[in-house]
Structures are given as structure tokens and as C-alpha cells.
Amino acid sequence: MICKICGIDGNFVWDQQHNENTGKWRLYDLSMERPHECSHEKTEESSLETTMQTPRVKCPKCDPLKDSAWIEREKLQEHIKTAHFGFW
Ligand SMILES: [Zn+2]
Ligand SMILES: [Zn+2]
């Protein structure tokens with residue numbers, strides 16, 4: 001039968017002994033020979049944020065208060081050429 005809580009189809013029977021003891025119903029997993037525990041597989045594994053830390057330099061021409069003033073080192077030359085062309 002299928003556990004209606006977790007949706008797993010297993011070799012389950014209602015645990016009558018447990019019901020007599022506690023008044024509650026639970027499923028007993030015959031193949032595992034232990035009470036069925038609902039699996040919580042939906043725990044989302046936090047995706048590893050692979051943020052490559054590229055070395056950044058501050059553009060001397062940009063507003064120093066803005067985050068955009070921080071440019072990747074390799075892109076600084078190009079940035080100055082494109083963004084600040086004519087300021088030299
Ligand atoms: Zn279950
Ligand atoms: Zn700049």
C-alpha cells in the first residue's frame with residue numbers, strides 16, 4: 001500500500017499493536033521490519049554557490065561610492081576605454 005503522507009509505495013501494513021498501545025495508527029514496513037518512517041527527501045540541498053572570487057580593482061574614474069567602480073582587474077583597461085573615453 002502507499003503511504004498517503006510521503007507517497008512511497010511499500011510493503012506496509014497498519015500497525016495494530018501500536019494502535020492498541022497508543023490509539024494512533026502508523027504504518028509498519030514489513031520489508032524493513034520496522035515502523036515506516038516517512039522520508040523527507042524534499043530537503044533542498046542548498047546549491048553550492050561557486051562564486052569565483054576574481055580580484056577586483058577600483059576604477060579611478062568611477063564614482064568611488066558606487067559598487068560599479070569595482071572592476072575586475074582584467075577588464076579595467078577595457079572599462080576605462082569604453083566608459084571613460086575622452087576623460088583622459
Ligand atoms: Zn510515509
Ligand atoms: Zn570606471
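What percentage of the 88 residues in the protein do buried residues make up? Buried residues account for 3% of them. The legends below describe a predicted model.

**Figure 1. Overall arrangement of the predicted model.** The protein contains two helices and five strands. Read from the N terminus, these elements follow the order β-α-β-β-β-β-α. Of the contacts between residues at least 6 apart in sequence, 16% join residues at least 24 apart. Within the 88 residues, the buried fraction is 3%.

**Figure 2. Close-up of the open sheet formed by three strands.** The strands are arranged in the order β1-β2-β3, and their pairing is antiparallel. Strands β1 (12–14) and β3 (34–35) are the edge strands, each of which pairs on one side only. Strand β2, comprising residues 27–29, is joined to β3 by two bridges, and these two strands run antiparallel. In this view, Tyr-28 is found opposite Pro-35, a residue of β3.

**Figure 3. Close-up of Glu-33 in the loop between β2 and β3.** The backbone of Glu-33 has a phi angle near 55 degrees, which is a positive value in a residue other than glycine. Is Glu-33 buried or exposed? Glu-33 is classed as exposed because 8 other C-beta atoms lie within 10 Å, and a residue counts as exposed if that number is 12 or fewer.

**Figure 4. Close-up of Lys-58 in strand β4.** Strand β4 spans residues 56–58, and Lys-58 belongs to this strand. Lys-58 has 11 other C-beta atoms within 10 Å and is therefore exposed. Which residues are in contact with Lys-58 when its neighbours within four places in sequence are left aside? The contacts of Lys-58 are with Pro-64, Ala-69 and Trp-70. Glu-72 lies 14 residues from Lys-58 along the chain, and the C-alpha atoms of Lys-58 and Glu-72 are separated by 8.5 Å.

**Figure 5. Close-up of residues 42–48, where pLDDT stays under 50.** Over the protein as a whole, the average pLDDT is 83, and 81% of the residues score at least 70. For residues 42–48, by comparison, the model has zero contacts beyond four places in sequence. Predicted coordinates should not be read in detail where pLDDT is low.

Methods. Residues are numbered from 1 along each chain as its sequence is written. Chains are lettered from A and ligands numbered from 1 in the order in which they are written. This is a predicted model: local features need pLDDT of at least 70, side-chain atom pairs count only at pLDDT 80 or more; totals for chains, interfaces and linings use all residues. Helices (H or I, at least four residues) and strands (E, at least two) are DSSP runs, numbered from the N terminus. A residue is buried if 20 or more other C-beta atoms lie within 10 Å of its own, exposed if 12 or fewer, and partly exposed in between; C-beta atoms are placed from the backbone. Two residues are in contact if their C-beta atoms, placed from the backbone, lie within 7 Å. Two strands pair if DSSP finds at least two bridges between them. pLDDT is the predictor's confidence in each residue, from 0 to 100.
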